[in-house]
Amino acid sequence: MSKPVVLIAEELSPATVDALGPDFDVRNVDGTDRAALLSALSEAEAILIRSATQVDAEAIAAAPKLRVVARAGVGLDNVDVKAATTAGVMVVNAPTSNIISAAELTIGHILSLARHIPAGHSSLAAGQWKRSAYTGTELYEKTVGIIGLGRIGALITSRLQAFGMNVIAYDPYITAARAQQLGVQTVSLDELLEQSDFVTIHMPRTPETLGMIGTEQLAKMKKTAYVVNVARGGLIDEDALHDALANGVIAGAALDVFVQEPPKESPLLGLPNIIVTPHLGASTDDAQEKAGVSVAKSVRLALAGELVPDAVNVAGGVIDQYVRPGIPLVEKLGQLFSGLAHGALTSLDVEVRGELVDYDVSVLKLAALKGVFTNVVSETVSYVNAPLLAEQRGIAVRLITEADSPEYRNVITLRGALADGTQVSVAGTLTGTKQIEKLVGINGYELEVPIATTHIVMEYVDRPGIVAVYGQEFGEAGINIAGMQIARREAGGSALSVLTVDSPVPTDVLDRVREAIDAQIFVEVDITE
């Protein structure tokens, strides 16, 4: 029998090929040569890429035998995951390959800011000797504030504690037990900004985190403080940062990532108190080798039909066709759940009711965790690392099955407890021959709303005129309400309103509506596919 064809479309380490082993027909192609790529894909069962090769819908259509796309790195911007999933092609990446490199680059930036290393080098290389101009500061006994205490944040914590630094952190999804385990004090974002001598950000880029450090936040920092971002471009408002650096609001900054890359004509590049690097977070030989070896192992597993730890679009293994449509539903319920959760999660129950319990539904617990963490951690979340993320945060997770389902053929509920003792729950189902994904419950309120891209959830005291208030506010802001349902338990009590809107709502509009209706719960939840 002929060996499966594995296509390597970009330069990878020799260790990658070694990790594939002798069981494959390994071929090479220049992934940037579109015609050559499409031709070579016709026989490929797997393709290994980095960031330059575009594996889009056209490329997937040209590969009838393709079973797995392996990205030797973290990001998947150059892979059409949706098209791959539709075609039954597994997509894998190497989510942990660069975490040490990213953590060490962060430390390098912090040291460079503290001791003015790049400026001192440039001055001396130009023939100058200006020792007094580059007087720095020690890290010892200074306070570093880490925004986002995931795996990279934890690595940075241990390394900076070795310098004798005091570490504080802001992460609404970390439990007190996990923070205590790391030796970190958790504080609010405002407290972190006010107390820190150095601030470093390690958050995912989502609608909620985009521009999370802007003019208001920078103004809360010490004039002697520094801010570092090696995570995602746009977490710091670049215009606000420029003004803060130019006007002495903060002492300096270091950026490895930008909104536009490369940052053409950015005024930040001309400032004397900023250090910039060209997105070097994963640019070490070690990280590249780890990434290559990791995805090579995933390719071997995928082509052998085994569970793949780092698959981003399928769980691996055998999943019954009756269970499979529930996977994207539960992922979206997880995102809705995390949007409603206002603090650290301590436990999560995934309750499956109905005919589904006759099948193996363990993948639905993984899908729930993947959804819960998708927009709240900086690392890429997969079906296998999601339980690890829960374990790291001290979250107890249970899968509960019950055949009785009086309202729907099947219904899946995510029910969790937060650190402050409050409970959050969301429930969903699939209806009709088209298997429409619907939200059928929030915190005990019964409703039936098709799940869309953007929802606004409001809980308030039921009284006349509320709908008119938020309807007018959204209308004046140009926000179209595509759907709406109000649920209540009794007249005059609390009511829950779920709106489906065609576009995200500006923060100032949300704030006005929240205040106008005196809402106990008021959140906008954006669902990503």
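In the predicted model, 64% of the contacts between residues at least 6 apart in sequence join residues at least 24 apart. The secondary structure of the chain comprises 17 helices and 22 strands. Its radius of gyration is 25 Å, close to the 24 Å given by the globule rule for 529 residues, so the chain is as compact as a globular protein of that length. The C-alpha trace spans about 80 × 70 × 45 Å along its principal axes.

Of the 529 residues, 51% count as buried. The chain exposes about 23,700 Å², and carbon and sulfur atoms supply 50% of this area. There are 40 positive and 64 negative side chains in the chain, and the centres of the two sets are 3 Å apart.

Helix 7, formed by residues 151–161, is mostly covered, with eight of its eleven residues buried. The buried positions are Arg 151, Ile 152, Gly 153, Ala 154, Leu 155, Ile 156, Thr 157 and Leu 160. These buried residues pack against three helices and two strands: helix 5 (99–115), helix 8 (176–182) and helix 15 (385–392), together with strand 6 (143–147) and strand 7 (166–170).

Helix 5 also borders a loop that leads to helix 6 (117–125), and His 116 lies in this loop. The residue has a positive phi of about 55° although it is not a glycine. His 116 counts as partly exposed because its relative accessibility is 24%, the range for that class being 20% to 50%.

A second histidine with a positive phi of about 55° is His 279. It is found in the loop between strand 12 and helix 12. With a relative accessible area of 42%, His 279 is partly exposed.

Thr 277 is also located in the loop between strand 12 (274–276) and helix 12 (285–303). Its relative accessibility is 17%, so Thr 277 counts as buried, the cut-off being under 20%. When residues up to four places away in sequence are not counted, Thr 277 touches His 109, Leu 255, Asp 256 and Phe 258.

A cis peptide bond, with omega of about 0°, joins Glu 261 and Pro 262. Pro 262 is placed in the loop between strand 11 (252–255) and strand 12.

Towards the end of the numbering, an unreviewed UniProt entry places the feature "domain: ACT" at residues 455–529. Over this range the chain is 29% helix and 39% strand. The end C-alpha atoms of residues 455–529 are 14 Å apart.

Methods: Residues numbered from 1 in each chain as written. Heavy atoms only, no water. Helix = DSSP H or I, 4+ residues; strand = E, 2+ residues; numbered from the N terminus. Rg over C-alpha atoms; globule rule 2.2 N^0.38 Å. Buried < 20%, exposed > 50% of the residue type's maximum accessible area, 1.4 Å probe, protein only. Contact = heavy atoms within 4.5 Å. Areas by Shrake-Rupley, 256 points an atom, 1.4 Å probe, with all protein chains shown as cover. Lys, Arg positive; Asp, Glu negative; His and termini not counted. Charge placed at Lys NZ, Arg CZ, Asp CG, Glu CD. UniProt positions renumbered as here; feature names shortened; annotations may be inferred.
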